[in-house]
Amino acid sequence: MTEPTFATLVSRWYERNARDLPWREPGVGAWAILVSEVMLQQTPVVRVLPAWEAWLTRWPTPAALAGDSPAEAIRMWGRLGYPRRAVRLRDCAVAIVERHGGEVPDRLDHLLALPGVGTYTARAVAAFAYGQRHPVVDTNVRRVVCRAIAGEPDAGPATRPADLVATEELLPVEPAAAALASAAFMELGAVVCTARAPRCAVCPVESVCAWRASGQVAPAGPTRRPQRYAGTDRQVRGLLLAVLRDAPGPVPHQRLDQVWHDDVQRARALAGLVTDGLVEPVGEESFRLVGDGPPVPLPRP
């Protein structure tokens with residue numbers, strides 16, 4: 001009798017133990033899955049769930065979002081963090097309408113060509129929305145493959161071409177089974193084969209895990225140093241955006257001056273928001289979310 005493959009073991013476990021997440025429900029469309037994948041980048045599931053539901057209630061299709069302003073996308077993004085994702089998602093919706101008639105494309109090259117859609121997101125949509133065979137590799141998948149197959153405790157901070165190759169070699173040939181395995185690898189890394197406290201006793205591949213066989217020595221410290229937030233430009237940017245999101249129109253410079261005590265840091269953070277296309281000046285003394293109102297005339301040369 002043939003032994004089950006690595007992918008089979010993990011897929012069987014996934015079918016019994018996967019978290020009940022709305023973007024995994026049968027019949028969920030490619031747009032909803034694309035939105036979930038963008039929101040889940042660097043953001044915990046518990047914070048994404050209400051934002052995802054609210055976003056799709058307001059903009060159930062790419063055309064609906066494309067027809068609204070970037071400012072409204074930023075407002076709806078709320079406090080999910082990294083708000084440039086909201087603008088990129090709207091840019092992506094515009095491109096889907098203009099290039100693909102409002103339907104999220106199913107070809108990998110077309111997905112990769114969309115604004116703000118990178119290697120991971122494109123393959124995730126192709127696999128999870130369209131049941132295609134692609135290696136879907138995030139931090140969790142890299143850790144699972146690195147530990148179970150290579151016997152190493154951690155895969156490092158960035159995805160490499162070799163990670164895609166190693167993961168693809170584990171996928172079943174049949175596309176639907178490969179898509180299921182991709183979701184299963186990701187779930188295993190998220191809830192069992194975690195970075196700091198892996199639950200090896202309940203792992204479906206514990207008996208064939210190379211890292212477990214080697215003695216399971218966890219890395220001494222995190223692969224990447226946790227980012228400090230308090231007192232950083234990122235915190236100041238968030239405070240400024242919160243004021244601008246809540247405002248019905250342009251916000252005077254004097255109001256923004258009250259957000260943070262350090263004039264130099266506050267000015268730097270505000271300039272960064274303008275450079276990133278999240279905020280725009282209105283005249284010489286006010287600011288607003290980008291696109292929040294009539295076009296701002298360009299300065300005369």
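**View 1. Helices α2 and α8 cross in the right-handed sense.** In this predicted model, numbered from 1 along each chain as its sequence is written, local features need pLDDT of at least 70, side-chain atom pairs count only at pLDDT 80 or more, and totals for chains, interfaces and linings use all residues. Side-chain values use heavy atoms, with hydrogens and water left out. Helix α2 covers residues 30-39 and helix α8 residues 119-128. Helices here are DSSP runs of H or I with at least four residues, strands are E runs of at least two, and numbering starts at the N terminus. The α2 and α8 axes are 10 Å apart, at an angle of about 145°. Axes are lines fitted to C-alpha atoms, for helices over the stretch in contact, and angles run from 0 to 180 degrees between N-to-C directions. Right-handed means that the near helix is turned clockwise from the far one by less than a right angle; anticlockwise is left-handed.

**View 2. Residues from α2 and α8 meet across the packing.** From α2 come Ile33, Leu34, Glu37 and Val38. From α8 come Tyr120, Thr121, Ala124, Val125 and Phe128. Seven of the residues in this contact are nonpolar, one is polar and one is charged. Ala, Val, Leu, Ile, Met, Phe, Trp, Tyr, Cys and Pro count as nonpolar, Asp, Glu, Lys and Arg as charged, and the others, Gly among them, as polar. Contact means heavy atoms within 4.5 Å.

**View 3. Val38 is a buried residue of the α2 helix.** Its relative accessibility is 7%; buried means under 20%, exposed over 50% and partly exposed in between (1.4 Å probe, protein chains only). Leaving out residues up to four places away in sequence, Val38 touches Trp77, Arg85, Leu89 and Thr121. Arg245 is 207 residues from Val38 in sequence, and their C-alpha atoms are 21 Å apart.

**View 4. Residues 39-191 carry the UniProt feature "domain: HhH-GPD".** The feature comes from an unreviewed entry. UniProt positions follow the numbering used here, feature names are shortened, and annotations may be inferred rather than shown by experiment. Over residues 39-191 the chain is 63% helix and 0% strand. The end C-alpha atoms of this stretch lie 19 Å apart.

**View 5. Gln42 and Tyr82 are loop residues with positive phi.** Gln42 sits in the loop between α2 and α3 (45-58). Its phi is about 60°, although Gln42 is not a glycine. Gln42 is exposed, at 59% relative accessible area. Tyr82 sits in the loop between α5 and α6 (84-100). Its phi is near 50°. Tyr82 is partly exposed, at 26%.

**View 6. Met76, in helix α5, is partly exposed.** Helix α5 spans residues 70-77. Met76 has 25% relative accessibility. Beyond residues up to four places away in sequence, Met76 touches Ala54, Trp55, Arg58 and Trp59. The C-alpha atoms of Met76 and Pro50 are 11 Å apart, with the two residues 26 apart along the chain.

**View 7. Three strands make an open antiparallel sheet in the order β1-β3-β2.** Strands of a sheet pair through backbone hydrogen bonds. Pairing requires at least two DSSP bridges between two strands. β1 (251-252) and β2 (279-282) stand at the edges with a single partner strand each, so one side of each has no neighbour in the sheet. Helix α13 (residues 233-246) packs on the sheet and touches β1, β2 and β3. The direction of α13 makes about 80° with that of β3.

**View 8. β2 and β3 form a hairpin.** Three residues lie between the two strands. Gly283, in the turn, has a positive phi of about 70°. Four bridges join β2 to β3 (residues 286-289) in the antiparallel sense. One bridge pairs Val279 with Leu289 of β3.

**View 9. Leu289, in strand β3, is buried.** Its relative accessible area is 0%. Leu289 touches Ala71, Ile74, Arg75, Leu241, Leu244, Arg245, Leu278, Val279 and Glu280, with residues up to four places away in sequence not counted. Pro70 is 219 residues from Leu289 along the chain, yet their C-alpha atoms are separated by 7.9 Å.
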